[in-house]
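Please look over the sequence and the model shown here before reading on. The paragraphs that follow are meant to be read alongside the coordinates.

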Amino acid sequence: MWERFGLSVMQRMDPERAHALAISALRTGLLPAPGPVTSPRLETHLAGMVLPNPVGLAAGFDKNAEAVSPLTRAGFGFIEVGAATPVPQPGNAKPRLFRLTEDRAAINRFGFNNEGMEAIATRLATSPRAVPVGLNLGANKDSADRAGDFARVLARCGAHVDFATVNVSSPNTERLRDLQGRAALETLLAGVMDARAALARPIPIFLKIAPDLSPDDLAEIAEVAQAQRLAGIIATNTTLSRDGLSSRHRAETGGLSGQPLFEKSTRILAQLSRLTGGTLPLIGVGGVSNADQAWEKLRAGATAVQLYTALVYGGLTLAARIARDLDARAQAQGISNLSEITGTGTGDWT
């Protein structure tokens, strides 16, 4: 009841202000923290990490690692913070976040606004966690060496996280998506993997890709990811497409997330699963707002899923509810662990 009341109040506010209030409420212990939700059916093994359940928090919610500890107790199986860049940057001009309530979606054009890797590393180093924590790596808008920025952030912050994600798929930093091309991506990832090798505890490295890729682009990315021995791919980031939207903010520039992205991102996920023969772990993101959609992401090839925009409409307890519903569904179908359904429905999505 209190969560529904809080959501109704916050949805009347400017969305970026409401988001800041949510982070403050987490930091001060005002939001529910049931602890990790788990069972033998939910326990997930991902790139050497053991997750209590496969429902994760996507990057972007806690950009500056301000609420790591409470978020790891909010029912998620893992969380990802950031994106972090080498030096602080304010991001794009406001307004830059828009709710599309009728579409259960959002458009953002933040532009990697964050306090920089030094502040984020300090917080990560002192934040107790109940589940694995990852960091989304970014590049500064005005950097002379954007490819090198990812390795610099990893070198500074890698000791304080359980995994890291190379984010070359945000549409809100000019020409960042150009780094998804084969030659640029190979060079960038080679630098990141060198930085990983220099860590005292090398961690899994994931690559987050855009949904707006051609089949040829997707095949190249799959080849590069396997050649560079990445831990997996996160599919997908936000889209530039505006198909089928009805909300008044539908024409705003930026990346679209939420329900309209579900089918598109799940098709990309299934295509990746086929391209990699199911040998490369995949994390499914885009439009997950209930257990049915999480189940479909797993069937399309995901080992785990992430959500973010759905929290705007479903509240912070959504992750725990999805995990419990997945557990109940698996039990009802006689499934001993959710890994049994990973990739069983790729044909339905390709």
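What follows is a walk through this predicted model, starting with the strands and ending at the N terminus.

A closed barrel of eight strands, paired in the parallel sense, runs in the order β3-β4-β7-β8-β9-β10-β12-β13. Averaged over this sheet and with direction ignored, neighbouring strands are turned by 25 degrees against each other.

Within the barrel, strand β10, which spans residues 232–235, offers a convenient place to follow the pairing on both sides. Strand β9 (residues 205–209) runs parallel to β10 and is joined to β10 by four bridges, with Leu 207 having Ile 233 as its bridge partner. The connection between these two strands involves helix α7 (residues 215–227), and β9, α7 and β10 together make a right-handed β-α-β unit. Strand β12 (residues 282–285) also pairs with β10 in the parallel sense, here over three bridges, and Ile 233 has Leu 282 as its bridge partner in β12.

In a regular strand, side chains alternate between the two faces of the sheet. For β10, Gly 232 and Ile 234 lie on one side, whereas Ile 233 and Ala 235 lie on the other, and all four are buried, so that both faces of the strand are covered.

At the N terminus the picture concerns the surface: Met 1, Trp 2, Phe 5 and Val 9 form a nonpolar patch there, with about 520 Å² of accessible area together. Trp 2 lies in helix α1, which comprises residues 2–10, and Trp 2 counts as exposed because its relative accessibility is 69%, where the cut-off for that class is over 50%.

How values were computed:
Residues numbered from 1 in each chain as written. Predicted model: local features only at pLDDT ≥ 70, side-chain atom pairs only at ≥ 80, totals over all residues. Heavy atoms only, no water. Patch = residues over 30% accessible without salt bridge, like charges linked within 9 Å, V, L, I, M, F, W, Y side chains within 5 Å. Areas by Shrake-Rupley, 256 points an atom, 1.4 Å probe, with all protein chains shown as cover. Salt bridge = Lys/Arg side-chain N within 4 Å of Asp/Glu carboxyl O. Buried < 20%, exposed > 50% of the residue type's maximum accessible area, 1.4 Å probe, protein only. Pairing = 2+ DSSP bridges. Right-handed = clockwise from strand over helix to strand, strands pointing away. Axes fitted to C-alpha atoms, helices over the stretch in contact; angles between N-to-C directions.
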